[in-house]
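Colleague: Please take a close look at a single part of this model, beginning with one residue and working outwards to the spaces around it. I would like a connected account, with the cut-offs given as you go.

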Amino acid sequence: MRITCVGGGPAGLYFALLAKQADPRREVVVVERNRPDDTFGFGVVFSDATLDGLADADRPSYDAIRSSLAHWDELHAHFGGRVLVSRGHGFSGLSRRKLLAILGDRARELGVVLRFEEEVTDPAEAVAESDLVVAADGVNSQIRERFADRFGPRIDVRPNRFVWLGTTFPFDAFTFYFEENRHGLFRVHAYRYEPERSTFIVECREETFRRAGLDRAGEDETIAYFEELFAEKLQGHRLLKNRSVWRSFPTVHNERWSAGNVVLLGDAAHTAHFSIGSGTKLALEDAIALVDSLQRHRGVPEALAAYEAERKPKVLALQRAAQVSLLWFENTERYMALDPVEFMFSLLTRSLRVTHEGLKARDPAFVREIDAHVARKAEAQAGARLLAGDATPPPPMFTPFRLRSLVLENRVVVSPMCQYSAEDGQIDDWHLVHLGSRALGGAGLVITEMTDVSAEARITPGCAGLYRIDHVEGWRRVVDFVHARSRAKIGVQLAHAGRKGATKLLWEGMDVPLERGAWPLLSASAIPYLAESQVPKAMDRGDMDQVTSDFVQAARRADEAGFDLIELHCAHGYLLASFISPLTNRRDDAYGGPIENRMRYPLEVFDAVRAAWPAEKPMSVRISATDWAPGGLTTDDLIALSTMLREHGADIIHVSAGQTDPSSKPEHGRLFQTPLSELVRLEASVPTITVGNIQSYADVNSIVAAGRADLCALARAHLYDPYWTRHAAAEQGFDIDWPPQYRSVERYTLRMR
């Protein structure tokens, strides 16, 4: 087999040596346009886990890499005049030139042909002459662009600017500087890769870059600017240049990684932001996976298909984490008002892959400090006593939280989950057991399913309601049980389905219109949800007044039933949400156009409900923070509408996303909506509930401790395990009193096998 590898960086060289090692009969050629030691940047970072993988793949190159590493265990953040320290982070730095030399020497030793300072002038010719062409030619891949119609590349160029510098200062930890001057905030990522050499990456926003005149600066002027800014920290050491030009980070995705006998590797296939140090790691792991696939499959097409199928999901997961980390650094200004300890925890957990529990294993002293910080804040906010003497602070999820006169015992919320089991809005024993068991399960707050304010407001004939006086007794039975038998509080989510109403039960066909018995629909504009859906009527003033009255009557009935909180549903494309999103609001009157107009009717309803609801009881509002569709809500819209809700008296905002338009493309993943909650909480200065694929108590602790939300709502976790909160407490050694009827379980250890 003849293999041509285009690109002599770490990805290309490592693949080439592994491919030759696996089968010495292969003819493996590496073609690189630059000289052997030409490289952008200074050092690369490896985690201990990555190094273990390299040891298994090729021991000689691993041994050479290992002997050249600068290792560190600590992470330092210079913030607000303090140096914040966290320990237990096993990482190593290595010179990029040294890495290239090690891989190049090993490739030659195995018989790989290395051809430097040579261009691939005709990619099609290289493809025709080779059994396999590996495009390892970097982020600006010539091969990828030549066959772009086959690979389907998407490149997202990010707004921040960064420059890759070096320094003679020997950092003894992975170090972050957050330094402000008259031009703005500069972030520095720095680490040592040789005894007397370190990488020094400077990042800032575009406006800071321009205010500082760095858009007109050459390499020497850039170095002079930052040697002055960081003079005290550099202690007389110099900054170094190596093609140190300002860049914007490109996030690279490809629909397909292979086409015929051509395959993408490393940065040509994907990129992940340098803030998680993953570019070279991903490239080397790609090489290992591709060679392994070639060994397991006889034909090249089969091997490339298997490589992509196995490797791509892992890369996408890391890219999602890198994207969240990237956004943290793009918006670091947002976090500068945080307490230093909270800032440090937010920094450490920014990718959402590092959790409170993971940090506890690495650095228990720091986690105890952040737990004590969260407890002190909760004591002040809720008026509770949590810390006494040297007592161990509770896990963040088990600190109380106050909303007006309502004090929640912990930060766990049972998310609203439609059961589609009511009869003309009337709930029955199913709802009592469903909600009651989850209240017994230890959550601080239980919120009912979407509860409709009129018969015409229902999604399906099985939806719950509060539109008749006889509905009150059914709900009072549930509320009384929760109050009498648990320490949980209970809220009701009031809603109107709008254009998404009059559909079949979930298990009969989600969003499928009723064939018989449908009722007329309302919306901001006469736009059906699906092509086959009923066309809703665009609401006129009379419709608005009637629906507002329905919400007010439902709120009064909720108070009669004894609910502790009302949540107004303004999300997921339902009636009130249809006014908020520009995708569903095409009105040309006072209720359409800019976000201030689009919020006019939802705020009218909110104000009317707030006036009817007792002043001492809190109100939540659920919103869709993004539509995940072109032309939908913008970030500016989100901050504006959240600020308006706060100013009108919303006590907390339940931040969800999507479900506005069926053509939307959600960006799912673990904790996928939490960054939106954090955005609302910090930019609109309002408490938030976050929801969306929260999977563990470690997630809840991490979210609360980092200030990404005040409460965490879990849905499927509570469907699977009504006692999720109690089990989370037991796992952490935190005592929650069981009901006396279940007291014997306190001495029970569960074994499933």
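**Around Ile595 and the internal spaces**

Modeller: Leaving aside neighbours within four places in sequence, Ile595 is in contact (heavy atoms within 4.5 Å) with Ile580, Leu633, Asp637, Ala640, Leu641 and Met644. This is a predicted model, in which local features need pLDDT of at least 70 and side-chain atom pairs count only at pLDDT 80 or more, while totals for chains, interfaces and linings use all residues. Residues are numbered from 1 along each chain as its sequence is written, and side-chain values use heavy atoms, with hydrogens and water left out.

Ile595 belongs to helix H20, residues 595–598, where helices (H or I, at least four residues) and strands (E, at least two) are DSSP runs numbered from the N terminus. Ile595 counts as buried because its relative accessibility is 6%, the limit being under 20% with a 1.4 Å probe and protein chains only (exposed is over 50%, partly exposed in between). The C-alpha atom of Ile595 is separated by 9.7 Å from that of Thr634, although the two residues are 39 apart along the chain.

Among the contacts of Ile595 are Ile580, Leu633 and Leu641, and these three residues are also among those that line the largest cavity. A cavity is a set of points on a 1 Å grid over the protein atoms alone where a 1.4 Å probe fits but cannot get out, and lining residues have an atom within 4 Å of a point. The volume of the largest cavity is about 60 Å³, a volume being the space filled by probe spheres set on points joined across faces, edges and corners. Its lining also includes Cys570, Gly573, Ala577, Ile623, Ser624 and Asp627, and the elements that give two or more residues to that lining are helix H19 (575–580) and strand E26 (619–624). By class, this lining has six nonpolar, four polar and one charged residues, with Ala, Val, Leu, Ile, Met, Phe, Trp, Tyr, Cys and Pro taken as nonpolar, Asp, Glu, Lys and Arg as charged, and the others, Gly among them, as polar.

The structure holds three cavities of 30 Å³ or more, and the second largest contains about 40 Å³ of space. Arg158, Asn160, Phe162, Glu203, Phe249, His273, Phe274, Leu326 and Glu330 line the second largest cavity, with two or more residues given by each of strand E10 (153–167) and helix H12 (300–330). E10 supplies the largest share, three residues, and the lining divides into four nonpolar, two polar and three charged residues. One of these lining residues, Glu330, sits in helix H12 and is buried, since its relative accessible area is 7%. Apart from residues up to four places away in sequence, Glu330 touches Arg158, Pro159, Asn160, Arg187 and Arg205.

Helix H12 also makes the largest contribution, nine residues, to the lining of the second largest pocket. A pocket is an open set of points with protein on both sides within 12 Å along at least five of seven lines, and this one holds about 1600 Å³ of space. Of its 45 lining residues, Gln323, Leu327, Trp628, Glu667 and Phe672 lie nearest the centre. The lining consists of 20 nonpolar, twelve polar and 13 charged residues.

As for the setting, the protein chain comes to 26 helices and 29 strands, and buried residues make up 61% of its 753 residues.
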